[in-house]
Amino acid sequence: MNIVLEYIIVFIGVLIINIFINKFKKNNLPKDTILPELMYLKKIYKVNIKKINRDNFSKVIIMVNTFIITTIYIILMYLLDNWIFRIIIGIILLILLIIICYGLIGRYYRKKEEENV
C-alpha cells in the first residue's frame, strides 16, 4: 500500500510540474511550431497532424509523460539498489515505455482519423 501511495503522490507532483512546463513552453512557442511528439507521430504512424486538436493532444501528452516518468521512478527506486544498474535499466525502460505509450497514442489518432473519413 505504501508503494501505491508514493506512486500517487509522485504522479501528482510530476503532473503539476509538467503542466507548468507545458504552459511556459506554449507561451514561448509560435503557433505554427510543430511539437516533437506530433512530429514523431507524423513520421512513424503517418498521422495527419493538421486534424489533431493541439489542446487535447497536449493534455494527453502531459498525462502519458507523467505516467512514464512516475512508473520509471517507482520501478527503479524499489527494484534496484546499484545506481549504475538504475541508470542502465532506466534508459532501457524509458525507451520501451515511450515506444509503447506513443505507439498507443499513434494508433488511437490513426483510428480516429480513419473513422472521420
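**Exercise 1. Find how much of the chain is buried, then describe its overall build.**

Step 1. Of the 117 residues of the protein chain, 32% are classed as buried. The model is predicted.
Step 2. Assign the secondary structure: four helices and zero strands. Read from the N terminus, the order is α-α-α-α.
Step 3. Take the extents. The C-alpha trace spans about 50 × 30 × 25 Å along its principal axes.
Step 4. Turn to the surface. The accessible area is about 8,500 Å², with 70% belonging to carbon and sulfur atoms.
Step 5. Check the contacts between residues at least 6 apart in sequence. Of these, 74% join residues at least 24 apart.

**Exercise 2. Test the length of helix 3 and locate its N-terminal cap.**

Step 1. Helix 3 has 26 residues. The expected span is 1.5 Å times one less than that number.
Step 2. The expected value is therefore 38 Å, and the end C-alpha atoms lie 37 Å apart, which agrees.
Step 3. Look at the N-terminal end. Asn53 caps helix 3 there, with a side-chain oxygen 3.2 Å from the backbone nitrogen of Asp55.

**Exercise 3. Identify the hubs of the largest nonpolar core and trace the contacts of Phe57.**

Step 1. The core holds 20 residues; Phe57, Ile68 and Ile105 touch the most other members.
Step 2. Helix 2 (36-45), helix 3 (54-79) and helix 4 (83-116) each give two or more residues to this core.
Step 3. List buried positions in helix 3: among them are Phe57, Ile61, Val64, Ile68 and Ile72.
Step 4. Set aside neighbours within four places in sequence. Phe57 then contacts Glu37, Leu38, Leu41, Ile52, Ile105 and Tyr109.

Conventions: Residues are numbered from 1 along each chain as its sequence is written. This is a predicted model: local features need pLDDT of at least 70, side-chain atom pairs count only at pLDDT 80 or more; totals for chains, interfaces and linings use all residues. Side-chain values use heavy atoms; hydrogens and water are left out. A nonpolar core is a set of buried Ala, Val, Leu, Ile, Met, Phe, Trp, Tyr and Cys residues joined through side-chain atoms within 4.5 Å. Buried means under 20% relative accessible area, exposed over 50%, partly exposed in between (1.4 Å probe, protein chains only). Contact means heavy atoms within 4.5 Å. A polar contact is a pair of N or O atoms within 3.5 Å; within protein, one must be able to donate a hydrogen and the other to accept it, and residues adjacent in sequence count only if both atoms are side-chain atoms. Accessible areas come from the Shrake-Rupley method with a 1.4 Å probe; for residues, only the protein chains shown count as cover.
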